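This report covers the ligand site first, then backbone geometry, then a set of individual residues.

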Amino acid sequence: MNGIRYSIPMHLHTVNSIVILTGAGISAESGLSTFRAENGLWCNHPIEDVATPEGFARNPVLVQQFYNQRRAQLLSVEPNAAHHALAQLAEGFKGSLLLVTQNVDNLHERAYRQRRANANFRFVHMHGELAKVRCTETEMVYDWTEDITAQTLCPCCREIGTLRPHIVWFGEMPLEMPVIYEALRKCDLFISIGTSGNVYPAAGFVAEARASGRAHTVEINLEPSQTHSLFHETRHGKATELVPKFVEELLSNRNKG
Ligand code: BJW
């Protein structure tokens with residue numbers, strides 16, 4: 001499906017503060033499955049088994065295997081044109097920019113590392129990161145590229161069985177929420193990319209951004225999300241096509257201002 005709805009004119013040259021929310025759809029064209037598609041990540045893995053603390057307590061080996069496979073898969077995929085376009089935006093936009101991703105992959109930062117840093121660019125993995133693990137005893141977080149098995153020793157407490165994926169499961173508090181809400185309250189542009197709008201609190205960010213009465217809100221997704229009617233503007237199609245086009249418009253309009 002391809003379609004564009006503009007309900008108010010864009011005055012992007014006046015934009016000073018942007019919040020971008022991304023979801024699994026932005027990484028789909030890199031070869032990472034989304035969650036809720038017919039052949040998605042949860043098609044062979046019930047959510048309550050692999051994405052809840054209760055599932056982990058019941059069967060830690062199964063859950064570690066699920067995340068071990070996905071951690072290993074990260075090594076064989078690359079950022080796509082949509083990740084690169086957002087890195088280009090971070091480089092070229094001179095205002096304040098917060099990129100909040102629900103994704104646990106590291107494709108945004110890999111695209112971003114190839115470019116010069118923007119001092120005003122901030123980055124949040126609100127649902128955690130595949131390439132990190134956490135000790136359940138000390139809450140210490142470690143960079144991790146290997147599998148976790150029943151024999152893996154925790155670096156801090158030297159015990160087995162204390163490491164878990166650094167992932168936010170259902171019923172757990174997403175990360176860095178105060179930072180996110182503060183940016184949503186102040187932003188004048190909120191862009192949601194590649195997310196179905198099924199999972200809260202992320203699905204509520206569009207309403208939070210609109211509460212100030214100042215923010216223009218844009219959805220970019222393959223199809224209308226659960227919350228599409230809350231956005232001022234929707235663009236439906238592939239992220240690798242629509243995100244570079246949107247970034248180009250944003251940067252060229254701002255340069256005119
Ligand atoms: C493309 C594309 C292409 C494809 N181009 N687009 C009742 C009401 C309200 C809330 C609740 C409720 N009951 C329970 C809750 C809370 C619960 C929740 O939301 N449940 C819902 C199921 C209702 N939420 C929580 O428990 C969260 N914690 C919480 O709420 O704490 C309390 C709190 C309250 C207030 C403030 C703060 C805190 C925690 C949620 C944790 C979610 N974790 C997961 C799993 C991570 C582990 C893992 O990776 O395995 O995170 S769930 C899963 O869904 C993952 C994702 O980040 C998240 C969102 O999925 P996403 O990214 O939207 O993927 P899809 O597959 O759904 O959609 C992809 C989209 O892309 C589709 O639309 C495609 O069309 C599109 N697309 N190709 C562009 N090429």
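For the counts that follow, Ala, Val, Leu, Ile, Met, Phe, Trp, Tyr, Cys and Pro are taken as nonpolar, Asp, Glu, Lys and Arg as charged, and the others, Gly among them, as polar. On that basis the shell around the ligand divides into 18 nonpolar, 12 polar and 6 charged residues. The model is predicted.

**The ligand site**

Where does the ligand sit? The ligand occupies the largest pocket. The shell around the ligand holds 36 residues. The closest are Arg36, Arg70, Thr195, Ser196 and Tyr200.

Which helices each supply at least two residues of the shell? Helix H1 (25–28) and helix H4 (60–74) do. H4 gives the largest share of the shell, with 3 residues.

Three polar approaches to the ligand can be tabulated by protein atom and ligand atom.

| Residue | Protein atom | Ligand atom | Distance |
|---|---|---|---|
| Histidine 127 | polar side-chain atom | oxygen | 2.8 Å |
| Glycine 171 | backbone N or O | oxygen | 2.8 Å |
| Leucine 222 | backbone N or O | nitrogen | 3.1 Å |

Histidine 127 uses a polar side-chain atom to approach a ligand oxygen. Glycine 171 approaches a ligand oxygen through a backbone N or O atom. Leucine 222 also offers a backbone N or O atom, here to a ligand nitrogen. The ligand has 1500 Å² of accessible area on its own, and the protein covers 76% of it.

**Backbone geometry**

Most residues other than glycine have a negative phi, and most peptide bonds are trans. Three places in this model depart from that pattern.

Which peptide bond is cis? The bond from tyrosine 200 to proline 201 is, with omega near 5°. Proline 201 belongs to the loop between strand S8 (189–193) and helix H8 (205–210). Tyrosine 200 is also among the residues closest to the ligand.

The other two places concern phi. Glutamate 139 is not a glycine, yet its phi is positive, at about 65°. The loop between strand S5 (128–135) and strand S6 (141–143) holds glutamate 139. Arginine 158 is not a glycine either, and its phi is positive at about 55°. The loop between S6 and strand S7 (163–167) is the place of arginine 158.

Is arginine 158 buried or exposed? Its relative accessibility is 54%, so arginine 158 counts as exposed, the cut-off being over 50%.

**Buried residues**

The cut-off for buried is under 20% relative accessible area. Two arginines fall on that side.

Arginine 134 lies in strand S5. Its relative accessibility is 14%, so arginine 134 counts as buried. Its side chain makes a polar contact of 3.0 Å with the side chain of histidine 166.

Arginine 235 is in strand S10 (residues 233–236). Its relative accessible area is 1%, so arginine 235 is buried. Glutamate 223 is 12 residues from arginine 235 in sequence, and their C-alpha atoms are 8.6 Å apart in space.

Isoleucine 148 sits in the loop between S6 and S7. At 5% relative accessibility, isoleucine 148 counts as buried. Isoleucine 160 is 12 residues along the chain from isoleucine 148, and the two C-alpha atoms are separated by 9.9 Å.

Alanine 111 is part of helix H6 (residues 107–113). Its relative accessibility is 0%, so alanine 111 counts as buried. How far apart in space are alanine 111 and arginine 70, C-alpha to C-alpha? They are 19 Å apart, with their positions 41 residues apart in sequence numbering. Arginine 70 is one of the residues closest to the ligand.

Asparagine 221 belongs to strand S9 (residues 216–221). Its relative accessible area is 9%, so asparagine 221 is buried. Threonine 149 is 72 residues away from asparagine 221 in sequence and 37 Å away in space, C-alpha to C-alpha.

Technical notes: Residues are numbered from 1 along each chain as its sequence is written. This is a predicted model: local features need pLDDT of at least 70, side-chain atom pairs count only at pLDDT 80 or more; totals for chains, interfaces and linings use all residues. Side-chain values use heavy atoms; hydrogens and water are left out. A residue is near a molecule or strand if one of its heavy atoms lies within 4 Å of it. A polar contact is a pair of N or O atoms within 3.5 Å; within protein, one must be able to donate a hydrogen and the other to accept it, and residues adjacent in sequence count only if both atoms are side-chain atoms. Accessible areas come from the Shrake-Rupley method with a 1.4 Å probe; for residues, only the protein chains shown count as cover. On a 1 Å grid over the protein atoms alone, a cavity is a set of points where a 1.4 Å probe fits but cannot get out, and a pocket is an open set with protein on both sides within 12 Å along at least five of seven lines; lining residues have an atom within 4 Å of a point. A molecule sits in a cavity or pocket if more than half of its atoms lie within 2 Å of its grid points. Helices (H or I, at least four residues) and strands (E, at least two) are DSSP runs, numbered from the N terminus. Buried means under 20% relative accessible area, exposed over 50%, partly exposed in between (1.4 Å probe, protein chains only).
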